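Colleague: Got a minute to walk me through this model? I'd like to start with the strands.

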Amino acid sequence: MKKDITVTVNGHKYEARVEPRLLLSDFLRDTLGLTGTHVGCEHGVCGACTILVNGDSVRSCLTLAVRADGAEIVTVEGLGSRDQLNALQNEFREKHGLQCGFCTPGMLISGMDLLRKYPLASDAEIREGLSGNLCRCTGYQNIVAAIRAAAALRNGSAA
Amino acid sequence: MKPVDFDYVAPESLEAAVQALVSAQGDGKVMAGGQSLMPLLNFRMARPSVIVDLMRIPDLSSIQLMGDTVAVGALTQHADLEFSDLIKTELPVMAAAMPHVAHLAIRNRGTIGGSLSHADPAAELPMLAMFYAATIKAQGRNGRREIPAEQFFISALTNCLEPEEIVFQIDFPILKGHTGWAFEEVARRFGDFALASIALSFALSDGRIADARVAAMGVADTPLRLRKAEDALHGSDGGAEGARRFAEVVRASVSPSNDIHASAAYRQHLIGALAEKAFAAAWSRAVGAES
């Protein structure tokens with residue numbers, strides 16, 4: 001039996017009727033057309049589908065859309081705009097923190113949550129923080145560099 | 001990679017949730033954070049006819065000091081435990097273990113009640129329940145009961161709950177006077193399930209270990225409390241001989257099996273090495289606390 005839900009995504013309120021089995025990742029991509037959230041493994045390993053739910057990073061493939069009723073969601077589309085990247089996106093550009101771009105939405109969203117919750121005082125801590133997000137292109141070096149730079153910016157010092 | 005069709009209910013009381021499971025006649029599945037259940041649903045390894053969502057039940061997410069016990073609501077999320085000042089002060093081994101639980105995005109969703117009920121033998125929270133000799137409180141069709149952690153875990157992914165029983169609270173007795181403690185774990189990658197892990201805590205009296213607690217995981221199909229290893233620590237003055245004997249007893253107390261991730265011999269070696277490392281860390285912490 002379908003359920004009615006109301007969710008706020010990137011500041012816009014959406015009302016929809018969903019099957020209980022619909023994954024939040026598919027709801028965002030197929031129902032709302034927000035294809036910035038990528039779907040990789042669909043069992044919580046790759047991190048590509050990570051979004052912010054009420055401020056916390058969450059795997060959208062491990063969440064039923066019906067459970068997001070009433071939630072405030074931010075996807076990669078909500079971080080910055082084409083003309084105005086947010087600080088972390090800007091560091092990913094500056095440090096060349098992406099190649100094919102498939103993992104990037106998840107990297108950015110995870111990065112936002114890590115920057116909010118952890119000191120990220122060492123590369124080891126950044127790498128541990130990113131361990132739930134797989135990248136098959138970069139070897140992670142420039143992703144770590146981008147987050148290191150964003151952490152320095154957050155702390156008010158130059159990278 | 002999509003779940004089968006199922007019905008969904010989100011009751012607003014524990015009693016209603018139990019009733020929903022009773023009505024499902026064994027074909028219902030409780031969902032808390034969903035971080036273990038969702039992959040099983042996506043793979044269609046779990047095919048319930050109804051999902052009973054617990055997250056709309058109020059008052060089950062809390063961390064409270066009740067005398068000599070920390071009472072944790074079953075829907076408390078891993079990240080809440082990780083960042084709790086009360087946990088840091090009163091259950092320091094748990095605080096040290098929490099960052100090892102999966103990844104931040106999983107810790108933001110996964111719950112303690114869910115992790116205990118899932119009963120993965122290489123997961124941190126079941127081991128911590130065993131380590132602290134926690135009491136697991138569950139509600140079923142015949143009311144509430146209290147289950148000691150040592151009786152809760154039956155084997156890998158199997159607990160002692162009845163099909164309609166739901167964990168609602170876990171009580172962790174504080175290890176009073178324990179100044180030396182450590183948590184050590186080896187996993188193949190950050191956030192992976194542990195190959196082996198040990199938790200250790202003790203109190204000192206006149207420079208010697210007077211009361212010790214030891215638990216391990218990854219070395220059996222449930223987490224283990226290692227009482228012989230606890231006894232072996234008694235009277236230790238922190239010397240190398242005592243540390244070696246402790247590690248030997250730990251190694252002798254477990255009989256892991258071969259699996260795809262590691263051989264039995266490797267795991268047995270590993271738990272001994274972790275025991276020595278934990279002992280050294282715990283001892284220097286205890287000595288630091290005394291000076």
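Modeller: Sure. Two strands pair if DSSP finds at least two bridges between them. Keep in mind that this is a predicted model.

Colleague: Fine. What stands opposite Val30(B)?

Modeller: Val52(B), in β3(B). The strands β2(B) and β3(B) pair in the parallel sense, over four bridges.

Colleague: And which strand order does that open sheet of chain B have?

Modeller: The order is β1-β3-β2, three strands with parallel pairing. β1 and β2 (28-31) of chain B are the edge strands, each pairing on one side only. From one strand to the next, the twist averages 25 degrees.

Colleague: Which helix lies across β1, β2 and β3 of chain B?

Modeller: Helix α1 of chain B, residues 14-23. It runs at about 170 degrees to β3(B).

Colleague: Switching to the chain contact. How many residues of each chain are in it?

Modeller: 26 from chain B and 24 from chain A. On the chain B side, β1 (7-9), α2 (37-42), β3 (50-53) and α6 (104-107) each supply at least two residues. That side divides into 14 nonpolar, six polar and six charged residues.

Colleague: Now chain A alone. What are its domains in the assignment?

Modeller: Domain 1 is 3-78 and domain 2 is 87-154. Their C-alpha centres lie 22 Å apart. The contact takes 13 residues from domain 1 and 12 residues from domain 2.

Colleague: Which element gives the largest share on the domain 1 side?

Modeller: β3(A), with three residues. By class, that side has six nonpolar, six polar and one charged residues.

Notes. Residues numbered from 1 in each chain as written. Chains lettered and ligands numbered in written order. Predicted model: local features only at pLDDT ≥ 70, side-chain atom pairs only at ≥ 80, totals over all residues. Domains from an automatic or database assignment. Contact = placed C-beta atoms within 7 Å. Nonpolar A, V, L, I, M, F, W, Y, C, P; charged D, E, K, R; others polar. Axes fitted to C-alpha atoms, helices over the stretch in contact; angles between N-to-C directions.
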